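I opened my notebook today to look around a protein model and jot down what I found. Come along and check each entry against the picture.

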Amino acid sequence: MSGPSRSLDRARLLLPAALAFLTVPFAAAPAQAAYDLTGQVRAGQDVALDGDAVVGLGDLGLVLDIGAGFGRFTDRLRADHPEATVVAIDKAPGMLTAVEAPVMVADAQAIPYPDACADAVLAMHMLYHVPDIAKAVAEFRRVLKPGGTLLVSTNIRGDMTEMAELWERVARPVLGPDGFSWNGATRDFDSASAPALLEAEFDSVETFTAAGVVKVPEPGPIMRFLASVQTFTECDDASYAVILAAAERELTRHFAEHETFDFPKTMVFYRCR
Ligand SMILES: C[S@@+](CC[C@H](N)C(=O)[O-])C[C@H]1O[C@@H](n2cnc3c(N)ncnc32)[C@H](O)[C@@H]1O
């Protein structure tokens with residue numbers, strides 16, 4: 001088991017890479033419609049796999065990337081570990097359409113794999129979507145071989161402050177106080193709640209934190225990101241258009257006075273064994 005100083009060394013390795021990535025202007029990033037802002041923010045997680053800085057995976061047989069989404073971690077692991085079989089698993093079939101086989105539609109709470117078969121399991125920015133998080137973590141433990149590694153990532157509470165404040169200002173008048181809450185969205189599994197859930201199943205839970213500032217040089221990515229949040233609300237198109245129009249007015253005012261729209265973004269990784 002790694003001691004705290006080894007964890008700190010690895011965290012130091014991780015931090016500059018994350019900072020470097022997070023300040024890349026989004027305008028230079030490939031356009032991905034509504035997903036581009038989240039995509040760019042979350043792509044910073046790829047540093048978790050650089051030089052196995054956090055994962056420390058070594059030679060791999062079977063890896064299960066659970067809640068794989070568009071397969072960014074799957075692709076990266078397949079490139080870094082050609083010896084491994086990396087299976088992209090997601091509950092939503094639509095997320096997996098562009099991911100190369102092997103892929104599987106399955107739920108993290110009932111993984112259709114036998115006990116002790118996987119060398120590593122990834123659950124990156126996904127556990128806060130799962131209804132029974134403890135059950136999913138127990139499933140990760142069950143499918144992992146003894147000594148296998150679980151790598152998890154999530155958000156810190158109260159992050160992306162300026163984005164959250166913008167959302168509250170423009171959405172509250174339309175959605176009311178009980179409408180979609182920015183910080184509530186990941187509260188069930190964030191940096192405050194995650195360790196206890198992981199320690200319930202794993203003897204060793206090491207934490208790595210990568211903090212940076214996202215600088216967005218134009219309103220477009222923010223507007224597309226806010227548009228994509230509609231799926232988390234029960235708002236009809238006409239009402240949501242009111243929210244977006246208010247956001248556009250705020251951003252027009254902001255960019256008249258500032259070159260970028262900045263907000264902090266921190267990612268937390270847990271390596272569990
Ligand atoms: C925010 S995305 C993260 C995708 C990817 N891990 C990444 O970091 O780029 C969360 C993913 O988890 C999936 N998901 C949500 N609940 C799930 C569940 N119970 N079982 C499996 N996948 C689930 C979603 O469909 C979505 O693709």
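**Entry: a strand pair.** I began with strands S6 (residues 205-216) and S7 (residues 261-272), and I found that they run antiparallel and are joined by twelve bridges. I picked out one residue to follow across: Phe 208 has Phe 269 in S7 as its bridge partner. Keep in mind that I am looking at a predicted model.

Next I asked myself which side chains of S6 point to the buried face. They turned out to be Glu 206, Phe 208, Ala 210, Gly 212, Val 214 and Val 216. The side chains alternate along the strand, and Val 205, Thr 207, Thr 209, Ala 211, Val 213 and Lys 215 point to the other face and are not buried.

**Entry: the whole chain.** I stepped back for an overview. The protein chain has eight helices and seven strands. It holds 273 residues, and 35% of them count as buried. I also looked up the contacts between residues at least 6 apart in sequence, and 75% of these join residues at least 24 apart.

**Entry: the cores.** I wanted to know which residues touch the most other members of the largest nonpolar core. My list reads Ile 66, Val 121, Ala 123 and Leu 150, out of 42 residues in that core. Strand S4 (residues 118-124) gives the largest share, with six residues. There is also a second, separate core of 14 residues, with Leu 166, Val 214, Ile 243 and Leu 251 among them. I recognised Val 214 from the buried face of S6. A note for the margin: nonpolar side chains tend to be buried together in soluble globular proteins.

I then took a longer look at Leu 150. Beyond its neighbours within four places in sequence, Leu 150 is in contact with Val 121, Ala 123, Phe 140, Leu 144, Phe 202 and Cys 272.

**Entry: two helices.** In helix H4 (residues 133-143), I marked Ile 133, Ala 136, Val 137, Glu 139, Phe 140 and Val 143 as buried. Why do they end up on the same side of H4? They cover an arc of only 155 degrees around the axis, so they share one side of H4. I checked what they pack against, and found strand S1 (62-66), S4, strand S5 (144-155) and helix H6 (194-199).

Helix H7 (residues 219-228) got the same check from me. Its buried residues are Pro 221, Ile 222, Phe 225 and Leu 226. They lie on the same side of H7 because their arc around the axis is only 135 degrees.

**Entry: the loop between S4 and H4.** I found both His 125 and Val 130 in this loop. Is Val 130 buried or exposed? Val 130 counts as buried because 21 C-beta neighbours lie inside 10 Å. His 125 is buried too, with 20 other C-beta atoms within 10 Å, and 20 is the number at which a residue begins to count as buried. I also noted that His 125 has a positive phi of about 45 degrees although it is not a glycine.

Back at Val 130, I listed what it touches, leaving out residues up to four places away in sequence: Ala 108, Gln 109 and Ala 136. I had already met Ala 136 as a buried residue of H4. Val 130 and Asp 107 are 23 residues apart in sequence, yet 8.7 Å apart in space, C-alpha to C-alpha.

**Entry: Ala 116.** I found this residue in the loop between strand S3 (103-105) and S4. Ala 116 is exposed, since it has 12 other C-beta atoms within 10 Å and a residue with 12 or fewer counts as exposed. Its phi is positive, about 50 degrees, although Ala 116 is not a glycine. Ala 116 touches Leu 144, Lys 145 and Pro 146, not counting residues up to four places away in sequence. From Ala 116 to Gly 147 I read 31 residues in sequence and 9.8 Å in space, C-alpha to C-alpha.

**Entry: a cis bond.** The peptide bond from Ala 101 to Pro 102 is cis, with omega near 0 degrees. I located Pro 102 in the loop between strand S2 (85-90) and S3.

**Entry: around the ligand.** Last, I asked how many residues surround the ligand. I noted 20, and the closest are Gly 67, Gly 69, Ala 92, Ala 108 and His 129. Sorted by class, this shell has nine nonpolar, six polar and five charged residues. Ala 108 was already in my notes as a residue that Val 130 touches.

Note on methods: Residues numbered from 1 in each chain as written. Predicted model: local features only at pLDDT ≥ 70, side-chain atom pairs only at ≥ 80, totals over all residues. Core = buried A, V, L, I, M, F, W, Y, C linked by C-beta atoms within 7 Å. Helix = DSSP H or I, 4+ residues; strand = E, 2+ residues; numbered from the N terminus. Contact = placed C-beta atoms within 7 Å. Arc of directions from axis to C-beta. Near = placed C-beta within 6 Å. Nonpolar A, V, L, I, M, F, W, Y, C, P; charged D, E, K, R; others polar. Pairing = 2+ DSSP bridges.
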